[in-house]
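Colleague: Could you walk me through how to read a few features of a model like this one?

Modeller: Gladly; let us look at it together.

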Amino acid sequence: MSFEGKVILITGASSGIGAATAEYLAKQDASLVLIGRNDEKLQKVVDSCLKSTNNVLKIIADVCIEADANRIIQGTISKFSKLNVLINSAGIIQSGSIETTTIEQYDRIFDVNVRALFRITQLCIPHLIATKGNIVNLSSVCGIRSFPNVLAYNMSKSAVDQFTNCVALELAEKGVRCNSVCPGVIKTELHKRGGMDDEAYERFLEHCKKTHALGRAGNVDEVAAAIAFLASDAASFITAVQLPVDGGRHAMCPR
Ligand code: NAD
């Protein structure tokens, strides 16, 4: 798989799945535009990618801010003059049920996971049409299955899947593909950022041995490989797909 000559924009690139995907694609000679808010953390990812590819553009930006979203696209086009792939990895999680989720939590989750993804994608579309490029969205097993106590997050990821399929159908005739990956539990900072302490997170990972058929939580590289496949020409006849990368979790039912 080679991405030589392809320009790939990744949001949420300073950590977790976004960072691992950047490093994975750098090794396949992609030209990368890496988006994050924390300059120091994003620079570490840039430095790591520069070991494999010469073409890396770092843009410090908050995907929820309209001026930043515009700056991301303008910066990409002024540096590389084109865009081949958009990978929407920026996202947040917070626990909460219908009885406990505040409307502020709901808004925050939808702002990052849905509204910003919608807006960044919208701004990229003319450039993706021009290259007959493609989009890979980070959904979740929570988008395709229902779990209690992560209500707003689950709803946001279902919205990502619906967005993926509608955009795929809308742009198919223009040669643009759009797919989602739906990871199970992957070891990143996501859950701790969402409020889980170290002890609870260890218990959660232990519990994953039972909730994932393959008997463990996943690693970021396993998701990066699936994203790279969907973004590549090897997936040229695949669009409107939600690809589980979850050790079989989506197929499991309690007995
Ligand atoms: P992560 O917290 O390491 O990565 C998310 C990134 O998004 C972070 O770098 C964060 O700073 C960034 N981000 C959040 N809000 C932002 C904003 N307003 N502007 C710019 N960047 C912003 O976690 P991760 O696990 O790598 O998550 C990546 C994606 O994968 C998310 O969409 C998440 O919902 C999804 N996902 C993760 C898991 C998992 O178990 N880790 C499972 C399923 C889906």
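What follows is a short tour of burial, charges, surface patches and backbone angles.

Colleague: Before we begin, what kind of model is this?

Modeller: This is a predicted model. Let us keep that in mind throughout.

Colleague: Let us take burial, then. Is isoleucine 87 buried or exposed?

Modeller: The idea is to look at relative accessible area, where under 20% means buried. Isoleucine 87 counts as buried because its relative accessibility is 1%. You will find isoleucine 87 in strand 4, which spans residues 85–88.

Colleague: Which residues does isoleucine 87 touch, leaving out those up to four places away in sequence?

Modeller: Its contacts are Ile8, Leu9, Ile10, Thr11, Thr21, Leu25, Val136, Leu138 and Ile227. Take Thr21 from that list: threonine 21 is 66 residues from isoleucine 87 along the chain, and their C-alpha atoms are separated by 9.0 Å.

Colleague: And how does isoleucine 125 read, buried or exposed?

Modeller: Isoleucine 125 sits in helix 4, and it counts as buried because its relative accessibility is 16%. Beyond the neighbours within four places in sequence, isoleucine 125 is in contact with Ile135 and Leu171. As for distance, isoleucine 125 and glutamine 43 are 82 residues apart in sequence, and 27 Å lie between their C-alpha atoms.

Colleague: Now charges. How many salt bridges does the structure hold?

Modeller: The rule to apply is a side-chain nitrogen of Lys or Arg within 4 Å of a carboxyl oxygen of Asp or Glu. By that rule, the structure holds seven salt bridges. One of them joins the side chains of arginine 203 and glutamate 199, at 3.6 Å from N to O. Both residues belong to helix 8 (residues 198–211) and are four residues apart, about one turn of the helix. Arginine 203 and glutamate 199 are both exposed.

Colleague: What about lysine 209: with which residue does it form a salt bridge?

Modeller: With glutamate 206, and the closest N and O atoms are 3.1 Å apart. Lysine 209 and glutamate 206 are three residues apart in helix 8, so about one helical turn separates them. Lysine 209 counts as partly exposed because its relative accessibility is 47%, and glutamate 206 is likewise partly exposed at 47%.

Colleague: And which residue does glutamate 222 bridge to?

Modeller: Its partner is arginine 216, with 2.7 Å between the closest N and O atoms. Glutamate 222 is partly exposed at 33% relative accessibility, and arginine 216 is partly exposed with a relative accessible area of 37%.

Colleague: What should I make of arginine 249, and where does it lie?

Modeller: Here the step is to check burial and then look for a partner of opposite charge. Arginine 249 lies in the segment after strand 7 (242–245). This arginine is buried yet has no salt bridge, and the nearest side chain of opposite charge, aspartate 246, is 6.8 Å away. Apart from neighbours within four places in sequence, arginine 249 contacts Val141, Phe147, Val185, Thr211, His212 and Ala213.

Colleague: Turning to the surface, which residues form the positive patch?

Modeller: Arg37, Lys41, Lys44, Arg108 and Arg193 form it. Let us pick out lysine 44, which lies in helix 2 (residues 39–50). Lysine 44 counts as exposed because its relative accessibility is 59%.

Colleague: And which residues make the nonpolar surface patch?

Modeller: Ile98, Leu151 and Met155 make a nonpolar patch of about 290 Å². Isoleucine 98 is in the loop between strand 4 and helix 4 (103–131). At 73% relative accessibility, isoleucine 98 counts as exposed.

Colleague: Last topic, the backbone. What sign does phi have in most residues other than glycine?

Modeller: Negative, for most of them. Against that background, serine 81 has a positive phi of about 65° although it is not a glycine. Serine 81 is in the loop between helix 3 (66–80) and strand 4, and it is exposed, with a relative accessible area of 59%.

Colleague: And what is the phi of asparagine 149?

Modeller: Asparagine 149 has a positive phi of about 75°, and it is not a glycine. Look for asparagine 149 in the loop between helix 5 (141–144) and helix 6 (151–171). Asparagine 149 counts as partly exposed because its relative accessibility is 44%.

Terms used:
Residues numbered from 1 in each chain as written. Predicted model: local features only at pLDDT ≥ 70, side-chain atom pairs only at ≥ 80, totals over all residues. Heavy atoms only, no water. Patch = residues over 30% accessible without salt bridge, like charges linked within 9 Å, V, L, I, M, F, W, Y side chains within 5 Å. Areas by Shrake-Rupley, 256 points an atom, 1.4 Å probe, with all protein chains shown as cover. Lys, Arg positive; Asp, Glu negative; His and termini not counted. Charge placed at Lys NZ, Arg CZ, Asp CG, Glu CD. Helix = DSSP H or I, 4+ residues; strand = E, 2+ residues; numbered from the N terminus. Buried < 20%, exposed > 50% of the residue type's maximum accessible area, 1.4 Å probe, protein only. Contact = heavy atoms within 4.5 Å.
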